[in-house]
Amino acid sequence: MPDFSKTILVTGGAGFIGSHVVRLFVNKYPHYKIVNGDALTYAGNLENLKDVQEKANYVFEKVDITDEQSVNHLFEQYRFDAVIHLAAESHVDRSIMDPLAFVRTNVLGTVVLLNTCRNYWKNQYAGKLFYHVSTDEVYGSLGESGFFTEETPYDPHSPYSASKASSDHFVMAYHDTYGLPVVMSNCSNNYGSHHFPEKLIPLMINNIKNKKPLPVYGKGENVRDWLYVEDHARAIDTIFHTGKQGESYNVGGFNEWKNIDLVKLLCRIMDQKLGRAAGESEQLISYVTDRPGHDLRYAIDATKLHKELGWSPSLQFEEGLEKTVDWYLANEDWINHVTSGDYQKYYEEQYKH
Ligand code: NAD
Ligand code: DAU
């Protein structure tokens, strides 16, 4: 057995972003042992990691982060040097249906992990790190202009963003109160392969493919700042290795799109790829009841991460979107699997109006 120089727990490693982080770390750092700790909720899928599951430095452990005993047991077994914490309930619309699930995983689960790190590391903090992966949604909503910086006051509006804001505060409180070595990042909207089709881009790709209505909330005027998921995983790698403890870093692509323009761009790309007439898929667009408390605009200023740690995004949006569409068209089994069963029930409930 190789002697690993670090053992890292990646929580939520079977999810969308987590699987990209696990893949990057397993391949780039063969001398690290990567333990993917995930409860495998509807959003967790081990098929996302088929290509690394046999690697000597990768292990999967099924664990619910809200279960203190199981988390303790995992720490006893592996004696982690670091945690990269991505496990969360992550979909805003589901948080409106069931806020408590978000409080449990995002708030309680995070505090269970922080407590466990504190108990196991016992003030011997050299070489230890708790990395908390968070979101730009904690900053609330922007008007027509301006950007979120690390100094922007928190102003969450959805149960999801309120639960993430709360977890961010706990992470920083553990640093200030107990000296726990922490670092945090707040990222904008990700897109790419293995993205669960409840979120805008994969949902639209799937519906365009199947000629189903494309449900655009409100007037489609809301703006999001999109970043390719592999660029986010690279940012996490950079911040994990060179970020300053006790600090947070904003991650984003300076890539703002109105929802309606993005959906039309996807229609154009897919009409071409599927050999449909120009304009055919746009006819599927259907304006539906707006999301309650819908934030108007997110836009990240990632200058700190660029200037201090040298990270920048690598892909242009249209190139990233094309790669993403190609992945979904080539992976029908994946999409059929994740849209069977409970997904249909969720879809009917969410889009019934
Ligand atoms: P996801 O929903 O795709 O994956 C979440 C993963 O966490 C799943 O594998 C799920 O099984 C696991 N999980 C959920 N509850 C758990 C529990 N109680 N115990 C253990 N595992 C549990 O989420 P994602 O989009 O990959 O987001 C990952 C993280 O990044 C989240 O913390 C999210 O807030 C943050 N984030 C996401 C985005 C985005 O655009 N998707 C942007 C910025 C930040
Ligand atoms: O900004 C980072 C956040 O991005 C992450 O923290 C969240 O985990 C992630 O889900 C994402 O949140 P959003 O709410 O911005 O993403 P979503 O894909 O759900 O929606 C993007 C935009 O598209 C938003 O303005 C709502 C709109 N929308 C979404 C869906 C699912 C629609 O118009 N129709 C839809 O069917």
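Let me start with the backbone of L40, where a polar atom sits 3.5 Å from an oxygen atom of ligand 1, and please keep in mind throughout that what we are looking at is a predicted model. A second backbone contribution comes from L86, which places an N or O atom 3.1 Å from an oxygen atom of ligand 1, while K164 uses its side chain instead, with a polar atom 2.7 Å from an oxygen atom of that ligand. Taken on its own, ligand 1 has 840 Å² of accessible area, and the protein covers 96% of it.

Which parts of the fold supply that cover? Helices α1 (16–28) and α5 (159–178), together with strands β5 (129–135) and β7 (189–191), are the elements that each give two or more residues to the shell around ligand 1, and β5 has the largest share, with 3 residues. In total 28 residues surround ligand 1, and the closest are I17, D38, S90, Y160 and K164. By character, the shell divides into 14 nonpolar, 11 polar and 3 charged residues.

Let me turn now to ligand 2, which has 23 residues around it, with D136, E137, Y160, R291 and Y351 coming nearest. Here I would point to three side chains: D136 has a polar atom 2.5 Å from an oxygen atom of ligand 2, T135 has a polar atom 2.7 Å from an oxygen atom of the ligand, and N259 has a side-chain N or O atom 2.9 Å from a ligand oxygen. Of the 690 Å² of accessible area that ligand 2 has on its own, the protein covers 95%. The shell around ligand 2 is made up of 9 nonpolar, 8 polar and 6 charged residues, and strand β8 (residues 214–217) gives the most to it, with 3 residues.

Finally, a few words about two helices. Helix α6, residues 200–209, is mostly covered, since 9 of its 10 residues are buried; among them are I201, P202 and L203, and also N206, N207 and K209. Just after α6, K211 takes a positive phi of about 55 degrees.

For helix α7, residues 229–242, what end-to-end distance should we expect? At 1.5 Å a residue, its 14 residues should span 20 Å, and the end C-alpha atoms are indeed 20 Å apart, so the model agrees with the expected span. The buried residues of α7 include V229, A233, A235, I236, I239 and F240, and also D231, H232 and D237.

Definitions and conventions
Residues are numbered from 1 along each chain as its sequence is written. Chains are lettered from A and ligands numbered from 1 in the order in which they are written. This is a predicted model: local features need pLDDT of at least 70, side-chain atom pairs count only at pLDDT 80 or more; totals for chains, interfaces and linings use all residues. Side-chain values use heavy atoms; hydrogens and water are left out. A residue is near a molecule or strand if one of its heavy atoms lies within 4 Å of it. A polar contact is a pair of N or O atoms within 3.5 Å; within protein, one must be able to donate a hydrogen and the other to accept it, and residues adjacent in sequence count only if both atoms are side-chain atoms. Accessible areas come from the Shrake-Rupley method with a 1.4 Å probe; for residues, only the protein chains shown count as cover. Helices (H or I, at least four residues) and strands (E, at least two) are DSSP runs, numbered from the N terminus. Ala, Val, Leu, Ile, Met, Phe, Trp, Tyr, Cys and Pro count as nonpolar, Asp, Glu, Lys and Arg as charged, and the others, Gly among them, as polar. The expected span of a helix is 1.5 Å times one less than its number of residues. Buried means under 20% relative accessible area, exposed over 50%, partly exposed in between (1.4 Å probe, protein chains only).
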